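Visitor: Please take one part of this model and go through it closely. Start from a single side chain and work outward.

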Amino acid sequence: MKYKKPLLVTALVAGILIVIAVAASLAISPVVERKAEQLLNRYATRARGIEHFTFSRVEFSPLSRSLTLHDVLVVYRSPKGLRKSIDRLEISVPIRAAACAVPALRPYAMPEKGSMDICNAITADGVSFSMPGLLAGSLEHAAISGIAADAGHIRALLDGRRPDPIDMLERTQLDGLDALRLRTTVQTGNGSAACNLEAFRLRGLHNLGIDEMRLEHLKASTNKESAELALFGMDGFHAPDAATLRLLLSVRLTGQKTEQEITGSIEHILPMIQQWLTASVPPVRVLAIEKGTFRGARPQDVMSLDLIRLDWLSNSPREMKTAVRDLVLPAQLIESNGLHLPGLKALRFSGESDARDENGRIRETGYLSLAQFGQLRYNASYTVPGGVFNFSPDQLLSMSLYDAAFTFVDQGALAYLALNQYDPDMAGPYFNQALDYGLPGTGNTALRAALKSFVDRPGTLDIVKTTNEATPLQRCVDTDTLGRLWRVTATPGKESLYDQMRRLAPAQ
């Protein structure tokens, strides 16, 4: 019982403080709201690009330090006639950031150096935008959270100065950005184009990088073409450093430039791109596209994919995985480039590869599958000059191959290639004659025999490098050494080349 009285006193004091706080909030809210209205109207009248700015009311919550505007309407002078309306716009800022907006308090609230939180959250509901005769769109909901920026840049902006945009972007941080149901229609000279996006998500924008980004259920269309995508995802993106990015943006490939000037600009850019791609931190950790469909002007011009994915795990040591699943291309796309594929409406491609550094050598395994053509499985190790990829053709041609094994299962590839050159009666003799001419000498006897067996009845080819010693790539395809470097075994298929060709093109 002796503790009962102090507890009652404490509860009474706490209750009084709560009542005082609530009363103070009720008292201060109208003052802040009137001040906010004045500042916003003053900003609208002074802003060069704004022609008209209104809102129905403003609300302030001292507990959450949030300011809410209702029925916002903004009409811009440039681009001419652009209108933007927002049903509800809520902005929540830290006390320190709010104090920095007051000139008298700025010297005490603004830190001299480092990063500063400038906004807890910005939320917008019911956004619409339009430009007469050109653009119309809407956004159901958008939310930005955790905005921080460099104190020096904030001070410069408040003083009316413009910091370097690349430096400003590098030192800006954003915890998250979410958007739901974006709808846009653009009028063009040939009709209209529409774009719908169900959801957009971004996490962790900092140091010119993004931790995670997702675009979900994207649809775009014109009068003749359309595209759909279930997901575009990216994790661990790192842009080039600020100095490199500034140089890249300074190089212009358009305008009044000669072909020599454009070539010089490209040659100037390539080393910077190579440096970015080969840095110790990969430019992107994961890149994925899922469930995509692309339709052209004609009904037969349809491309689709189930998955394309890149896992760029490391550059030091090298480790990268790629996957393609059910990439479907119309056969007419290939035939337009001169390859005739009778009876084939589409090409279906799948594949995977896994490349990683093993004691200074790149070990790569994987498979490639093209439906009704064939499947290739491989396992090889190799090195490149300098030990680090720079993504140049010269470096790839100068690589050295150690051990290697390939297995190819023919499912029609040889027959389709033959149909573009020969009739069924002559394909076999022509191929055999080409082998005799291209692989002369006794050193290639076993190799010729295996390939002739494969030509006669296309089935399975097993190709294995006979030595694990480093061999320059150009020497690996030298006809004088092929028979000594490679052991080839052919397993006959069920059909002869002649029968396959007759089945694929009966009238020929």
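Guide: Phe-55 is buried, because its relative accessibility is 14% and the cut-off for buried is under 20%. Keep in mind that this model is predicted. Phe-53 is also buried, at 17% relative accessible area. What do these two rings do? The structure holds seven aromatic pairs. Phe-53 and Phe-55 make an edge-to-face pair, because their planes stand at 65 degrees with the ring centres 5.7 Å apart. The angle cut-off for that label is over 60 degrees.

Now work outward to other rings. Tyr-422, Tyr-430 and Phe-431 belong to one aromatic cluster. Tyr-367 has a charged partner instead: Arg-377 lies over the face of its ring, 4.9 Å from the ring centre.

Next, the charged pairs. The whole structure contains 27 salt bridges. One of them joins Asp-403 to Arg-363, at 2.7 Å from N to O. Asp-403 belongs to strand S17 (residues 400–410) and Arg-363 to strand S15 (residues 361–370), so this bridge ties together parts that are 40 residues apart in sequence. Are the partners buried or exposed? Asp-403 is buried, with a relative accessible area of 18%. Arg-363 counts as buried too, at 19%.

Compare the bridge between Glu-319 and Arg-356. Here the closest N and O atoms are 3.5 Å apart. Glu-319 sits in strand S13 (residues 318–330) and Arg-356 in strand S14 (residues 346–358), so the link spans distant parts of the chain, 37 residues apart. Glu-319 is partly exposed at 23% relative accessibility. Arg-356 is partly exposed as well, at 30%.

A third bridge involves helices. The side chains of Arg-448 and Asp-436 meet at 4.0 Å, N to O. Arg-448 is part of helix H12 (residues 445–456) and Asp-436 of helix H11 (residues 424–438), so the pair connects parts that are twelve residues apart in sequence. Its two ends fall in separate classes of exposure. Arg-448 is buried, with a relative accessibility of 15%. Asp-436 is partly exposed, at 39%. Salt bridges can also be linked to one another here: Glu-140, Arg-181, Arg-183 and Glu-198 form a network of them.

Go back to the strands for a moment. Strand S14 holds Arg-356, and strand S15 holds Arg-363. Asn-359 lies in the loop between S14 and S15. Asn-359 is exposed, because its relative accessible area is 85% and the cut-off for exposed is over 50%. How far is Asn-359 from Pro-317 in sequence and in space? They are 42 residues apart along the chain, and their C-alpha atoms are 9.1 Å apart.

The next stop is the surface. Phe-294, Met-303 and Leu-333 make a nonpolar patch of about 230 Å². Met-303 belongs to strand S12 (residues 302–315). Its relative accessibility is 32%, so Met-303 counts as partly exposed.

Met-303 also leads to Thr-293. Thr-293 lies in strand S11 (residues 286–295). At 19% relative accessibility, Thr-293 counts as buried. Which residues does Thr-293 touch, leaving aside neighbours within four places in sequence? Val-302, Met-303 and Ser-304 are among them. So too are Ser-226, Ala-227 and Glu-228. Met-303 thus appears in two roles: as a member of the surface patch and as a contact of buried Thr-293.

Finally, step back to the whole protein. It has 15 helices and 20 strands. Of its 508 residues, 35% count as buried. Phe-53, Phe-55 and Arg-448 are examples of that class. Among contacts with a separation of 6 or more, 56% join residues 24 or more positions apart. The protein exposes about 29,900 Å². Carbon and sulfur atoms supply 58% of that area.

Methods:
Residues are numbered from 1 along each chain as its sequence is written. This is a predicted model: local features need pLDDT of at least 70, side-chain atom pairs count only at pLDDT 80 or more; totals for chains, interfaces and linings use all residues. Side-chain values use heavy atoms; hydrogens and water are left out. Rings of Phe, Tyr and Trp (its six-membered ring) pair if their centres lie within 6.5 Å; planes under 30 degrees apart count as stacked, over 60 as edge-to-face and the rest as tilted. Buried means under 20% relative accessible area, exposed over 50%, partly exposed in between (1.4 Å probe, protein chains only). A charge sits over a ring if NZ of Lys or CZ of Arg is within 6 Å of the ring centre and within 35 degrees of the ring normal. Patches are made of residues with over 30% relative accessible area and no salt bridge: like charges are joined within 9 Å, nonpolar side chains (Val, Leu, Ile, Met, Phe, Trp, Tyr) within 5 Å. Accessible areas come from the Shrake-Rupley method with a 1.4 Å probe; for residues, only the protein chains shown count as cover. Helices (H or I, at least four residues) and strands (E, at least two) are DSSP runs, numbered from the N terminus. Contact means heavy atoms within 4.5 Å.
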